[in-house]
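Open the model in your viewer and keep the selection tool at hand. The stops below say what to select next and what is there.

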Amino acid sequence: MRRLLLKPFILAADQGRWLLVLGLIAAVALPHMAAVMEEQLPRAVALLLFLAALRVGPRQVIGAVRDLGQSFMVVIILQLMIPLIFALILVASGWQSPIALALALMLTASPISGSPSLTLLLGRDGAPALRVLIVGTALLPFTSIPSFWLLPDLVSGSGVFVASLRLLALIVIATGVAFAIRAFVLKTPRPDTLKALDGMSALTMAIMVIGLMAEIRPAMSANPYGLLFNLVVAFIANFGLQMVTFLSVGRTRFRADAVAISVSAGNRNIALFLAALPAGVMDPLLLFIGCYQVPMYLTPILLRRFYKT
């Protein structure tokens, strides 16, 4: 009976990469469903965080002091130094187009809640990605200050602070419940149980993307050239960050965690800033957010061979 219940999720784990592709197709083909799923995104994020924490477990997430120090260093580089340099370039060049501001937000954001799941789909340990996610979200209200000070018309600092605290509370609750289950109920999960959890995560991500890409279908007819431009920029930004990070980290003593760190670097939670955006920035940003999901969800397929190098 237990095996029968787990079988559909184990099958989903085996086909996890292709489930993400099906999610992308459904997001474009079913616009009415996308509007409905958009309202369920907070619940989907919480479920994904819970499944990732349950799969990884508290021991791997907490790790050693060295591991926490590594996560802190990664967050400072990804969420403070890189976006600050980019913001300085924008100020110096006077480049203030919507796509430039969208990239500034993307670089400032913490990793997406699905970064541990994407890392697991690549066949690597998801614990380093989960550590970076937790530390990055906790520090976001502070790491974002310099970039937003340089770009004061972009976003409200108080809005970012409230939104990031809300996400941090969600992470604490979801991971806390998952760790409690691992401590008292699921102390030593069997391999098929862990694989079923991977399948549940893949299914959750495939459903989530339908809501995140709600703006894509209307743009296909109303703004096809803008859609193509945003899609190309999204691929370059996402995959470019992942590749550069992987090649850089691979030369350091942290190379064992290079895939997890790279996935975290390229896949950022830009949607976190939606509540804090001025009305003038909102429309073009929504299109970029939708396009940004495409390279994110294709990472386990298109970059799988790259990460094996």
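Begin with a pair of helices. Select Gly16, Leu19, Leu20, Gly23, Leu24, Ala26 and Ala27 in H2, then add Ala202, Leu203, Met205, Ala206, Val209 and Ile210 in H12; these are the residues through which H2 and H12 meet. The contact of H2 with H12 has eleven nonpolar residues, two polar ones and no charged ones. Show H2 in full as residues 16-29, and the axes of H2 and H12 lie 8 Å apart at an angle of about 15 degrees. Angles under 35 degrees count as roughly parallel, and H2 and H12 are therefore roughly parallel to each other. Their crossing is right-handed.

**The whole chain**

Now clear the selection and look at the whole chain, keeping in mind that this is a predicted model. The chain holds 17 helices and zero strands. It has 309 residues, of which 54% count as buried. Taking contacts between residues at least 6 apart in sequence, 85% join residues at least 24 apart.

**A loop before H12**

Select leucine 186, in the loop between helix H11 (157-184) and helix H12 (191-212). Is leucine 186 buried or partly exposed? Its relative accessibility is 22%, so leucine 186 counts as partly exposed. Leaving aside residues up to four places away in sequence, leucine 186 touches Leu54, Ile181 and Thr193. Add leucine 54 to the selection: leucine 186 and leucine 54 are 132 residues apart in sequence, and their C-alpha atoms are 8.8 Å apart in space.

**Helix H7**

Next select residues 98-108, helix H7, where ten of the eleven residues are buried. The buried residues are Ile99, Ala100, Leu101, Ala102, Leu103, Ala104, Leu105, Met106, Leu107 and Thr108.

Keep H7 on screen and add H14. Which residues of H7 meet H14? Ile99, Leu103, Met106 and Leu107 do, and on the H14 side they meet Phe229, Asn230, Val233, Ala237 and Leu241. By class, the contact of H7 with H14 has eight nonpolar residues, one polar and no charged. The axes of H7 and H14 are 12 Å apart, at an angle of about 30 degrees. H7 and H14 are therefore roughly parallel to each other, and H7 passes H14 in a right-handed crossing.

**The nonpolar core**

Stay in this region and select Met106, Ile270, Phe288, Tyr297 and Tyr307. The largest nonpolar core has 84 residues, and these five touch the most other members. Helix H16 (residues 279-302) supplies the largest share of this core, ten residues.

Centre the view on phenylalanine 288. Not counting residues up to four places away in sequence, phenylalanine 288 touches Ile99, Ala102, Leu103, Asn230, Val233, Ala234 and Ile270. Of these, Ile99, Ala102 and Leu103 are among the buried residues of H7.

**H14 and H15**

Select helix H14 (residues 224-249) and helix H15 (residues 258-266), whose axes come within 8 Å and cross at roughly 150 degrees. Angles over 145 degrees count as roughly antiparallel, and H14 and H15 are therefore roughly antiparallel to each other. The crossing of H14 and H15 is right-handed.

To see the contact, show side chains for Asn238, Leu241, Gln242, Thr245, Phe246 and Val249 in H14, which meet Ala258, Val259, Ile261, Ser262, Val263, Ala265 and Gly266 in H15. These residues divide into eight nonpolar, five polar and no charged.

Turn to H15 alone. Nine of the nine residues of H15 are buried, so this helix is largely enclosed by the rest of the structure.

For a contrast, select serine 248, which sits in helix H14. Serine 248 has 42% relative accessibility and so counts as partly exposed. Its C-alpha is 8.6 Å from that of alanine 258, ten residues away in sequence.

**Last stop: threonine 119**

Select threonine 119 in helix H8 (residues 115-121). At 0% relative accessibility, threonine 119 counts as buried. What does threonine 119 touch, not counting residues up to four places away in sequence? The residues are Arg124, Asp125, Gly126, Ala129, Val259, Ala260 and Val263. Among them, Val259, Ala260 and Val263 are buried residues of H15, the helix of the previous stop.

Definitions and conventions:
Residues are numbered from 1 along each chain as its sequence is written. This is a predicted model: local features need pLDDT of at least 70, side-chain atom pairs count only at pLDDT 80 or more; totals for chains, interfaces and linings use all residues. Side-chain values use heavy atoms; hydrogens and water are left out. Axes are lines fitted to C-alpha atoms, for helices over the stretch in contact, and angles run from 0 to 180 degrees between N-to-C directions. Helices (H or I, at least four residues) and strands (E, at least two) are DSSP runs, numbered from the N terminus. Angles under 35 degrees count as roughly parallel, over 145 as roughly antiparallel, 65 to 115 as roughly perpendicular and the rest as oblique. A crossing is left-handed if the near helix is turned anticlockwise from the far one by less than a right angle, and right-handed if clockwise. Contact means heavy atoms within 4.5 Å. Ala, Val, Leu, Ile, Met, Phe, Trp, Tyr, Cys and Pro count as nonpolar, Asp, Glu, Lys and Arg as charged, and the others, Gly among them, as polar. Buried means under 20% relative accessible area, exposed over 50%, partly exposed in between (1.4 Å probe, protein chains only). A nonpolar core is a set of buried Ala, Val, Leu, Ile, Met, Phe, Trp, Tyr and Cys residues joined through side-chain atoms within 4.5 Å.
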